[in-house]
Amino acid sequence: MRLILLGPPGSGKGTQAQRLVQRYGIVQLSTGEMLRAAVAAETPVGLKAKDLMANGQLVPDDVVVGIISDRIDQPDAAKGFVLDGFPRTVPQAEALDELLKKKHLKLDAVVELRVNESALLQRVETRVAEMLARGEEVRVDDTPEVLTKRLAAYRSQTEPLIHYYSERRKLATVDGMMTIEQVTREVNRILSAVGALEPKVAPARKAKAAARKTARPAAKKAAKTAKKAVKTARKAAKPASRAAKTVGNKKAARKAVSAARGRGGASAQKTVRKAAKKVTKKRAKR
């Protein structure tokens, strides 16, 4: 499962990303965390990012994409990933498409959490008022003023991605103003519809399928053994038939052939000997 969550600040992307991680065992790719991890690990891309950040420069898209590339190659990302906060621009989306193409991977879906900006601002104002009433310190980035700026940046830089992914038939929109549980159900429904989730199989059906799978090799081996036995019996029947004809008893020959086919070469030879002895006695009486 590989998907992107789009939506303005406060739309609940982080919450839904964590739920997907816990339920499906995929990894959440956060560019900020990946940058810090790459710098700490002193990877080639991380060292490049470190120098840029030390000089107060923005990390360019090719470096960010390089970090994402390294992260996707790690074993814990084998089941898939959810990107939250990247891509932010159309050029970043194009670079991500190119990266996935090189790795022979495909993006399953892009889920947009659409929200009412006025409602978001009201939520922040209410939260700030409650924190001040309790005597708690308000984070500098958790104010209506900061949120207003972040929403404006989202509209100018990230909203064009909605059109970009819509054109590629990857976009699905969810009402982010629903409850967390309702949004989760809708996201799961979308992922199931696009084939990103494996269909659930009932335990009984699973056991039956496993039994069939186990039985096939055994049945095939038994059929092969039986075929070989028939072939051996037929081969043994031929000399028995010739021997019986030599003593002049066609009925005995048929009996010998039947015996050889049913019980194998040893039984056929015994039948032939009896037939030959019977013929010898008849001739002696004459």
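**Close-up views of a predicted model**

A search of the whole structure, which is a predicted model, finds 10 salt bridges. The legends below describe three of these pairs and several other local features.

**Figure 1. Lys48 and Asp62 form a salt bridge between two helices.** The nitrogen and oxygen of this pair are 3.8 Å apart. Lys48 belongs to helix H3, residues 44-54, while Asp62 belongs to helix H4, residues 61-72, so the bridge ties together parts that are 14 residues apart in sequence. Lys48 is partly exposed, because its relative accessibility is 44% and the partly exposed range lies between 20% and 50%. Side chains of opposite charge can pair when their charged atoms come close.

**Figure 2. Glu117 and Arg155 form a salt bridge.** The closest N and O atoms of the two side chains are 2.5 Å apart. Glu117 lies in helix H6 (residues 117-133) and Arg155 in helix H7 (residues 144-158), so this pair ties together parts that are 38 residues apart in sequence. Glu117 counts as partly exposed, at 24% relative accessibility. Arg155 also counts as partly exposed, at 38%.

**Figure 3. Asp108 and Lys106 form a salt bridge.** The distance from N to O is 2.7 Å. The two partners fall into separate accessibility classes: Asp108 is buried, with a relative accessible area of 11%, whereas Lys106 is partly exposed at 47%.

**Figure 4. Helix H3 has a buried side.** Gly46, Ala49 and Leu52 of H3 are buried. These three residues cover an arc of only 125° around the axis, and therefore lie on the same side of H3. The buried residues of H3 pack against helix H2 (31-41) and against H4. On the face turned away from the buried side, H3 carries the exposed residues Pro44 and Ala54.

**Figure 5. Helices H4 and H5 pack against each other.** Two packed helices are described by the angle between their axes and the distance between the axes. For H4 and H5 (residues 90-102), the angle is about 35° and the axes are 10 Å apart. Their crossing is right-handed. H4 contributes Asp61, Val65, Ile68, Ser69 and Ile72 to the contact, and H5 contributes Pro91, Gln92, Ala95, Leu99 and Leu100. Of these contact residues, seven are nonpolar, two are polar and one is charged.

**Figure 6. Ser69 and Pro91 are shown within the contact of H4 with H5.** Ser69 is found in helix H4 and is buried, with a relative accessible area of 14%. Leaving aside residues up to four places away in sequence, Ser69 touches Leu99 and Lys103. Pro91 lies in helix H5 and counts as partly exposed, at 47% relative accessibility. The C-alpha atoms of Pro91 and Asp61 are separated by 8.2 Å, although these residues are 30 residues apart along the chain.

**Figure 7. Glu112 is a buried residue in a strand.** Glu112 lies in strand E4, residues 109-114. Its relative accessible area is 4%, which means that Glu112 is buried, since the cut-off for buried is under 20%. Residues up to four places away in sequence are not counted among its neighbours; the residues that Glu112 touches are Leu6, Ile162, Leu171, Ala172, Thr173 and Val174.

**Figure 8. Three loops hold backbone features of note.** Most residues other than glycine have a negative phi, and most peptide bonds are trans. Phe86 and Pro87 are joined by a cis peptide bond, with omega about 0°. Pro87 is found in the loop between strand E3 (81-84) and H5. Glu42, in the loop between H2 and H3, has a positive phi near 55°. Glu42 counts as exposed, at 52% relative accessibility. Arg169 has a positive phi as well, near 60°. Arg169 lies in the loop between helix H8 (160-167) and strand E5 (171-175) and is exposed, with a relative accessible area of 80%.

**Figure 9. The protein as a whole has 12 helices and five strands.** Of its 286 residues, 37% are buried. Among contacts with a separation of 6 or more, 69% come from residues 24 or more positions apart.

Terms used:
Residues numbered from 1 in each chain as written. Predicted model: local features only at pLDDT ≥ 70, side-chain atom pairs only at ≥ 80, totals over all residues. Heavy atoms only, no water. Helix = DSSP H or I, 4+ residues; strand = E, 2+ residues; numbered from the N terminus. Buried < 20%, exposed > 50% of the residue type's maximum accessible area, 1.4 Å probe, protein only. Contact = heavy atoms within 4.5 Å. Salt bridge = Lys/Arg side-chain N within 4 Å of Asp/Glu carboxyl O. Arc of directions from axis to C-beta. Axes fitted to C-alpha atoms, helices over the stretch in contact; angles between N-to-C directions. Left-handed = near helix turned anticlockwise from the far one by under 90°. Nonpolar A, V, L, I, M, F, W, Y, C, P; charged D, E, K, R; others polar.
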